[in-house]
Amino acid sequence: MATDSERNERMEKIVSLCKRRGFIFQSAEMYGGLNGCWDYGPLGAEVKRNLKDYWWQKNVIERDDIVGLDGSILTHQEVLKASGHVGGFSDPMCDCLLSRARLRADQVPEQSGTAVWYAGASHADSGWSVDTEFAVLVPSGKDADSAKKTARQFYGERLPDKKVSPKELELIEHKREELEATTRFNPSNGALLTEPREFNLMFQTSVGASSGEGSIAYLRPETAQSIFVQFKNVLETSRQKLPFGIAQIGKAFRNEINPRNFTFRSREFEQMEIEFFCRGEDGLRLTDEWLERRLSFYEEIGIPREKLHILDVPDGERAHYSSKTYDIEYDFPFGIQELEGVAYRTDYDLRKHGEASGKPIEYFDEQAKEKFVPHVVEPSAGCDRTVLALICEAYDEETVTNEKGKEETRTVMRFDPKIAPVKCGVFPLLKNKPELVAKAKEVKALLSPLMNVFYDETAAVGRRYRRQDEIGTPFCATIDFDTIGENGPELANTVTVRDRDSMNQERVKIDQLPAYIGSKLV
RNA sequence: GCGGGUGUAGUUCAAUGGUAGAACGCGAGCUUCCCAAGCUUGAGACGUGGGUUCGAUUCCCAUCACCCGCUCCA
């Protein structure tokens with residue numbers, strides 16, 4: 001098991017490789033950067049597209065029972081009120097300064113008593129002091145000095161030396177006041193609360209020229225809602241029967257309090273979601289089935305099962321709408337973190353939208369002659385998180401001995417070929433031999449319509465191989481003197497194909513090259 | 001949101017209260033018959049804004065961003 005610092009160091013190398021080679025850049029870097037936002041460079045864009053295309057291929061194109069949707073990002077406020085995104089999370093919240101519990105400001109009960117205010121605290125022996133303001137409310141009838149214990153606890157947490165007992169602290173009390181019906185203190189411990197703050201993770205905007213209450217819209221916080229809201233339209237136009245799914249890939253936005261870990265938690269991110277609708281009695285079984293199917297998907301794109309962890313989210317930690325949720329987590333260098341949630345959302349969403357709009361969303365089962373609100377199982381994958389996992393998983397350093405017998409490090413991105421941003425490098429062995437260059441350009445033209453190819457004629461061929469290693473190109477084709485027939489007709493029109501992982505070389509006929517590489521990209 | 005740390009070239013690092021260096025990488029040229037070879041040559045940086053100062057990349061303050069530990073993640 002790698003130590004924390006080794007894992008941090010590995011992550012730093014990955015981040016700098018992403019920048020250096022053009023996978024991922026800080027958004028608006030030349031203006032100082034925009035917190036929690038990232039741009040994909042030329043290679044990152046390819047990786048991300050390959051992932052999305054493969055997901056779409058497997059879940060929509062190759063399945064009869066799932067259809068696609070591409071919903072708008074701007075979302076009607078009523079949609080998000082019905083889903084619960086607006087109601088519960090737009091209220092002002094305050095935090096307890098001592099326990100850090102977050103409370104809804106309008107639900108803090110009114111209390112009366114003596115507020116004891118402190119300007120700070122100090123520790124005589126070590127000379128340490130702090131001037132953070134704090135206060136404790138002592139209920140009427142109790143000894144006001146009992147506030148000291150709470151205050152010592154508060155300031156004690158700020159002590160740099162944890163061996164110092166909070167009891168040794170000198171408190172700097174600066175005033176006492178009698179308060180009636182105050183809501184500024186935590187009822188469970190008397191500690192001061194922060195000022196109430198708006199706490200809504202959604203980005204709000206207004207639609208149209210006038211910006212009244214009615215024009216409020218939000219950037220969607222998840223792609224799922226447009227699927228629920230369009231359920232009836234999709235059902236009618238696609239001629240699907242239960243069970244069936246609606247798939248969507250698209251951007252979602254959350255104003256995260258603290259974006260972290262490179263692209264892992266960003267404010268703008270892309271989701272790949274399926275809402276798979278079914279009868280209520282099939283919900284739990286389908287949740288388990290989808291979990292297995294999704295695990296296989298990750299293996300197919302090059303994330304081995306042993307690097308994935310399945311978390312059966314316990315009661316109380318699941319979202320309010322879910323009665324069963326599995327998180328699929330990946331072992332990132334910065335910790336085990338979620339890639340995808342497979343949640344059984346019951347009939348919560350369709351029912352809520354039916355109630356809120358006054359237009360019930362029901363499905364009529366011809367055979368059973370019954371009408372009901374479908375339930376839904378949702379495998380919801382984070383696209384950017386998966387790209388990051390693919391990059392972390394691909395990153396490898398290997399020690400090789402060069403021709404002078406010196407050891408050096410070869411950095412290789414071991415992407416699965418179907419994920420790799422560039423599929424094949426094409427090199428003339430020497431750039432000052434026009435016949436080689438011309439032939440190499442022919443090979444590039446042959447492959448380009450089929451896959452992303454990178455032509456390179458600068459520097460020694462070994463360097464060109466290493467450049468491709470670092471961006472994960474699985475194959476390189478080198479055009480040499482054999483190719484142009486200088487060493488006999490039997491080798492004419494063959495190229496050297498060099499394999500990224502083994503560094504082995506093999507001769508392949510040019511006309512067989514598309515099939516040779518193509519077969520490894522499926 | 002709290003606490004700590006870091007911002008110098010594309011990357012990784014130096015040095016400095018008075019002209020900012022290197023390595024690797026990148027571009028051009030020469031050379032080269034398969035794994036980062038060599039030679040010549042070129043481009044390229046003090047996150048941003050204030051303050052102190054004759055003068056600030058350096059000291060101070062603020063801000064922005066990133067990293068680490070908590071917290072949060074409907």
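This talk describes the RNA-binding surface, one helix pair, the domain layout and two backbone features of a predicted model.

Colleagues, because this is a predicted model, local features need pLDDT of at least 70 and side-chain atom pairs count only at pLDDT 80 or more, while totals for chains, interfaces and linings use all residues. Residues are numbered from 1 along each chain as its sequence is written, chains are lettered from A and ligands numbered from 1 in the order in which they are written, and side-chain values use heavy atoms, with hydrogens and water left out.

Let me start with the RNA. RNA strand B is surrounded by 48 residues, of which the closest are Lys19, Asn35, Asn258, Asp480 and Met503; a residue is near the strand if one of its heavy atoms lies within 4 Å of it. Of the strand's atoms within 4 Å of the protein, 51% belong to sugar or phosphate and the rest to bases. By class, this surface has 15 nonpolar, 17 polar and 16 charged residues. Here Ala, Val, Leu, Ile, Met, Phe, Trp, Tyr, Cys and Pro count as nonpolar, Asp, Glu, Lys and Arg as charged, and the others, Gly among them, as polar.

Which elements each supply at least two residues of that surface? They are helix H1 (4-21), helix H11 (461-471) and strand S27 (494-499), where helices (H or I, at least four residues) and strands (E, at least two) are DSSP runs numbered from the N terminus. H11 gives the largest share, six residues.

Turning to individual atoms, a polar side-chain atom of Asn35 lies 2.4 Å from a phosphate oxygen of RNA strand B, and one of Arg463 lies 2.8 Å from a phosphate oxygen. The side chain of Thr496 has an N or O atom 2.8 Å from a base nitrogen of the strand.

H1 also meets helix H9 (residues 383-394). Their axes, lines fitted to C-alpha atoms over the stretch in contact, come within 10 Å and cross at roughly 110°. The two helices are therefore roughly perpendicular, a term for angles of 65 to 115 degrees on a scale from 0 to 180 between N-to-C directions. In contact (heavy atoms within 4.5 Å) are Arg10, Met11, Ile14 and Cys18 of H1 with Leu388, Ile391 and Cys392 of H9. These residues divide into six nonpolar, no polar and one charged.

Chain A is divided into domain 1 (44-70 + 222-391), domain 2 (93-198) and domain 3 (402-518), with bounds from an automatic or database domain assignment. The C-alpha centres of domains 1 and 3 are 40 Å apart, and their contact takes ten residues from domain 1 and nine from domain 3.

Finally, the backbone. The peptide bond from Leu242 to Pro243 is cis, with omega near -5°; Pro243 lies in the loop between helix H6 (231-238) and strand S14 (244-253). Lys369, a residue other than glycine, has a positive phi near 55°.

Notes
A polar contact is a pair of N or O atoms within 3.5 Å; within protein, one must be able to donate a hydrogen and the other to accept it, and residues adjacent in sequence count only if both atoms are side-chain atoms. Angles under 35 degrees count as roughly parallel, over 145 as roughly antiparallel, 65 to 115 as roughly perpendicular and the rest as oblique.
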